[in-house]
Amino acid sequence: MSLEWMPRENEVKDHALHRNPHWGTEAPCTVYEKKPLTDPKGNVVDGLFVSWITLNNPRQFNSYTTDMVKGVIAGFENASLDRSVVAVVFTGTGPYSFCSGGNTKEYSEFYSKRCDEYGQYMELFNHMVDSILACKKPVISRVNGMRVAGGQEIGLACDIAISSDLAIFGQAGPKHGSAPAGGSSDFLPWFLTAEDAMWNCVSCEMWSAYKMKAKGMLSKVVPVLKIDGEWVRNPTIITDTYVQDGEIVYGEYKTGQDLKDGRALIKQHQANADFELLDKEVNTVIWKFANLFPGCLIKSIDGIRQKKKFFWDTMKNDHRHWLAANMSGEAFLGFGAFNTKKITGQDTVDFIKFRQNVADSRLWNDEMFAEVMGKPQE
Ligand SMILES: CC(C)(COP(=O)(O)OP(=O)(O)OC[C@H]1O[C@@H](n2cnc3c(N)ncnc32)[C@H](O)[C@@H]1OP(=O)(O)O)[C@@H](O)C(=O)NCCC(=O)NCCSC(=O)C1=CCCCC1=O
């Protein structure tokens with residue numbers, strides 16, 4: 001006996017939460033695209049897609065503006081609810097940067113000294129991280145260039161990272177007036193040792209993709225410079241030697257003339273970087289996903305994500321209050337200094353003078369701030 005007697009409703013439901021409200025094509029914007037799923041030979045698979053969410057603000061190293069944050073959230077939420085989507089690729093426009101974090105112009109010129117406004121912004125930022133971690137599709141961080149500050153934080157929220165070998169990774173907060181409280185201090189200790197996570201979070205050093213691969217933070221690193229038809233690995237980084245004079249040197253920066261020559265070569269060719277190998281690796285991962293049971297796959301992914309969420313969920317609400325309050329002090333100074341570097345000639349405050357003023361128990365007013373900021377040059 002069949003079950004046709006049971007009442008059923010068969011009209012397909014539309015679960016999309018957002019109808020293109022915060023996406024665009026003209027920078028600064030978030031671009032949302034559904035690209036057809038392709039097999040390893042490049043044949044299009046009917047009816048299945050990959051969502052691409054692209055941070056498109058290349059002139060400011062793909063830093064995200066407030067509106068772009070909304071676009072990212074909308075992208076992940078719609079991809080999550082789209083039954084035809086197999087996976088999400090999260091990337092940036094151009095050959096230089098995936099993302100350099102929050103937009104320092106907005107931070108300095110609007111949010112600083114407007115603590116509650118920044119508190120509202122942090123609602124959106126936290127929601128952006130949550131929308132990645134909650135997405136019901138696997139998320140690939142396609143690291144087309146530097147993944148710095150908040151860019152590193154939203155990158156770490158993704159499930160698998162495939163990187164250009166010109167990319168660098170690190171935090172900027174403690175130098176520019178913030179803290180890695182948008183995910184890095186919660187996620188990084190899972191990826192690296194606690195010792196490495198500590199130094200990477202506070203030092204504001206930029207570590208190479210090869211170093212991060214060796215430490216386990218990336219799945220794959222590929223060259224993107226193609227010179228005279230040959231793939232050339234990042235010429236500023238040591239990739240052919242593991243130990244030198246008893247020290248691990250693999251993934252470290254070259255020094256002296258070698259570094260200068262490497263930088264010159266990158267400067268000459270980076271604008272024409274070729275992402276063929278990067279996209280090949282991304283497609284290999286997506287094809288692997290496509291040939292797994294979707295339910296079992298996302299259950300497995302959520303099991304790993306939960307460990308990242310363990311610290312993030314414990315801390316995220318609390319983080320936003322400090323970040324909001326901080327906008328009246330160190331963030332005003334730090335982002336102000338970076339944002340006015342063309343006016344003053346210096347991109348940070350005078351940290352020693354600031355510490356001396358704090359040691360003297362000075363009031364945190366504009367007079368004290370003026371003493372530590374650079375001065376407009378003639
Ligand atoms: C280290 C850098 C990322 C790269 O340095 P470098 O290679 O020397 O390039 P620059 O000349 O500095 O940058 C090129 C142009 O891009 C502009 N730029 C870069 N980053 C940003 C940005 N984040 N916002 C706006 N504009 C940016 C830069 O001004 C240059 O423009 P120009 O007109 O001069 O050509 C270095 O650029 C750097 O340190 N950038 C700032 C990184 C940063 O401080 N990000 C914000 C950190 S805070 C954050 O992200 C947070 C997230 C959520 C939680 C709270 C929080 O604080």
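1. The largest pocket is lined by 40 residues, and S100, G102, T104, H176 and F338 are the ones that lie nearest its centre. A pocket here is found on a 1 Å grid over the protein atoms alone, as an open set of points where a 1.4 Å probe fits, with protein on both sides within 12 Å along at least five of seven lines, and lining residues have an atom within 4 Å of a point. The model is a predicted one, in which local features need pLDDT of at least 70 and side-chain atom pairs count only at pLDDT 80 or more, while totals for chains, interfaces and linings use all residues. Residues are numbered from 1 along each chain as its sequence is written, and side-chain values use heavy atoms, with hydrogens and water left out.

2. The volume of the largest pocket is about 900 Å³, a volume being the space filled by probe spheres set on grid points that are joined across faces, edges and corners. Its lining receives at least two residues from each of α2, α3, β6 (146-148), α4, α5 (173-176), α12 and α13; helices (H or I, at least four residues) and strands (E, at least two) are DSSP runs numbered from the N terminus. By class, this lining holds 20 nonpolar, 14 polar and 6 charged residues, where Ala, Val, Leu, Ile, Met, Phe, Trp, Tyr, Cys and Pro count as nonpolar, Asp, Glu, Lys and Arg as charged, and the others, Gly among them, as polar.

3. The ligand takes up the space of the largest pocket, the criterion being that more than half of its atoms lie within 2 Å of the grid points. The elements that give two or more residues to the shell around the ligand are α2 (104-111), α3 (115-134), α4 (150-156), α12 (330-339) and α13 (341-344), and α3 provides the largest share, 3 residues.

4. Of the 26 residues around the ligand (those with a heavy atom within 4 Å of it), G102, H176, S178, K341 and K342 come nearest. By class, the shell has 12 nonpolar, 10 polar and 4 charged residues.

5. Three polar contacts (pairs of N or O atoms within 3.5 Å) may be checked in turn. A polar backbone atom of G102 is 2.8 Å from a nitrogen atom of the ligand, a backbone N or O atom of T104 lies 2.9 Å from a ligand nitrogen atom, and a polar side-chain atom of K342 lies 2.8 Å from a ligand oxygen atom.

6. The second largest pocket contains about 400 Å³ of space and is lined by 16 residues, with M146, L166, I168, I266 and Q270 nearest its centre. Helix α9 (residues 256-269) gives the most to this lining, with 3 residues, and the lining divides into 11 nonpolar, 4 polar and 1 charged.

7. Two backbone details deserve a look. Most residues other than glycine have a negative phi, and most peptide bonds are trans. The peptide bond from A27 to P28 is cis, with omega near -5°, and P28 lies in the segment before β1 (29-38). N62, in the loop between β2 (44-56) and α1 (66-80), has a positive phi of about 55° although it is not a glycine.

Technical notes: A polar contact is a pair of N or O atoms within 3.5 Å; within protein, one must be able to donate a hydrogen and the other to accept it, and residues adjacent in sequence count only if both atoms are side-chain atoms.
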